[in-house]
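I wanted a quick look inside this one before going back to the bench. Two things to look up today: cavities and aromatic ring pairs.

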Amino acid sequence: MKYFGTDGIRGTYGDVEICEPFFYALGRAAAEYLNGAFPGNNYAVVGGDTRASTDTLKKAFVRGVTDGGARCEDVGVLPTPALAYCVTAKGAAMGAMITASHNPYTDNGIKFFDSNALKISDEVQLLLENLLGKYLDVSKCAPKYESFKPRKIELGSFALNDYAAKMSGIFGRDFLKGMRIAIDMANGATSGVSSEVLKSYGALVFEKSREPDGLNINENAGSQYPSEIVRFCGEVGADVGFAHDGDGDRVIVVDDKCQVLAGEEILRLIAMDAKARGVLRGGAIVTTLQSNLGLDESLAREGVKVLRSGIGDRLVMKMMIDNGCNIGGENSGHFIFSEISPCGDGLAAALSVLSVMASKSKKLSQLRGGMEMYPTLSKALKVADKIPIDQTPTLAAAIARCDAELGSEGRTLVRYSGTEKKIRLLVEGKNAQKVQECMQVLEKSVENDLQ
């Protein structure tokens, strides 16, 4: 597809696909889709994160939907999982979230949800792209439309409050009483929300980066800067720390010894707890091709299967549904617990970790272990063109050689970025020297073929 990537549309504000005329045209395309597929309920809800360009892009999208004859409600600033909840709570046929997730404020984007609050399918994305062509005049998409200055971002919409109430009612009152929790909200859409939910359960909460001004989202804060939450945990003497990204669909976790847990560790911890309580459905969890093979090895010893999807929580959730699983996620910090939310939810993940700690009356550092991570190297390299990998002169052969060299004790993963002009390389194996040698071979092949 031309515009849709791994998780919706994303780019730099002022680019062709991230400007007001494009979002207006996309709104018209969404309206035509809604009118055709849901003639009795052509109703969409749209929210956004705290970055500066969100309001103006959101207004353009809403205007496009309404001019197209469909209904659209702006539900304010809220995290992505709150927007997903809003779709089902309001009975909407579609949800749209204006966000660039963990990217800097200069970027923005949009991702869509269907009437079940699931990320829309490839088929619907392609349909929207085809309809977009009827309304998009690229000549109007000139660079740079608005210049932005810091301003107070209004939080506390009804939809956001409904989500907070839902998240405050999952566990018993005061189940976190006496626990010291540090949380970095990245000056994003979870600002004040996640911390208030944790306080509602009786925790002593130390807050960081919760004053969004439109320009400071993800700026030296949140999940992209784990050293910040590590430092903050040490300063306040936290039992556990969490760091969200800008739209709140992911979380990074830090233990009482100020050590960051890998995403695979979080998945293992929650999967083993669910298995012990008899609530692990499907006898398996779902993760992506990106996650470390050590997760598979450790869970196999416990009788839990690991199923692997393509990259992105949209594909994780699809495989969860197909296989009857209720736990899934990515090592990047997206975790899905289908009983709570049909998409990545950083607050739900934090509460799940906390529930294991509380039920076992143990510190997080005591609950870690049982998994040996394979040595891994990963690189993201710029490319001139995204030539199909199986058609490259030397890279395809290099991948085959490396796979043969690593054998059953390792793997390579080579894929193009869905949002950037880059190729992503991953080499993993029990033998660290082989891993390093294979990465060098792949890098040289990329240089020869694609740069």
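My notes on the cavities come first, then the rings.

**Cavities**

I'm working from a predicted model here. I searched the whole structure and got three cavities of 30 Å³ or more.

I started with the largest, which holds about 70 Å³ of space. Its lining is made up of Leu261, Glu265, Arg268, Leu269, Leu367, Arg368, Gly369 and Met371. I sorted these by class and got four nonpolar, one polar and three charged residues. Helix H8 (residues 263–276) gives the most to this lining, with three residues.

Next I checked the second largest, at about 40 Å³. I find Phe4, Asp7, Gly8, Lys111, Phe112, Lys119, Ile120, Gln125 and Arg314 around it. That lining splits into three nonpolar, two polar and four charged residues.

**Aromatic rings**

I count nine aromatic pairs. I looked at Tyr3 and Phe22: the ring centres are 4.9 Å apart and the planes sit at 70°, so I call the pair edge-to-face. Tyr3 is in the segment before strand E1 (9–12) and Phe22 is in helix H1 (residues 20–37), so this pair ties together parts 19 residues apart in sequence. Buried or exposed, I asked of Phe22? Phe22 is buried, at 0% relative accessibility. Tyr3 is buried too, at 16%. I also noted that ring pairs join Tyr3, Phe22 and Phe23 into a cluster.

Then I took Tyr33 and Phe38: with centres 6.1 Å apart and planes at 80°, the pair is edge-to-face. Tyr33 counts as buried at 15% relative accessibility, while Phe38 is partly exposed at 23%.

Terms used
Residues are numbered from 1 along each chain as its sequence is written. This is a predicted model: local features need pLDDT of at least 70, side-chain atom pairs count only at pLDDT 80 or more; totals for chains, interfaces and linings use all residues. Side-chain values use heavy atoms; hydrogens and water are left out. On a 1 Å grid over the protein atoms alone, a cavity is a set of points where a 1.4 Å probe fits but cannot get out, and a pocket is an open set with protein on both sides within 12 Å along at least five of seven lines; lining residues have an atom within 4 Å of a point. Grid points are joined across faces, edges and corners, and a volume is the space filled by probe spheres set on the points. Helices (H or I, at least four residues) and strands (E, at least two) are DSSP runs, numbered from the N terminus. Ala, Val, Leu, Ile, Met, Phe, Trp, Tyr, Cys and Pro count as nonpolar, Asp, Glu, Lys and Arg as charged, and the others, Gly among them, as polar. Rings of Phe, Tyr and Trp (its six-membered ring) pair if their centres lie within 6.5 Å; planes under 30 degrees apart count as stacked, over 60 as edge-to-face and the rest as tilted. Buried means under 20% relative accessible area, exposed over 50%, partly exposed in between (1.4 Å probe, protein chains only).
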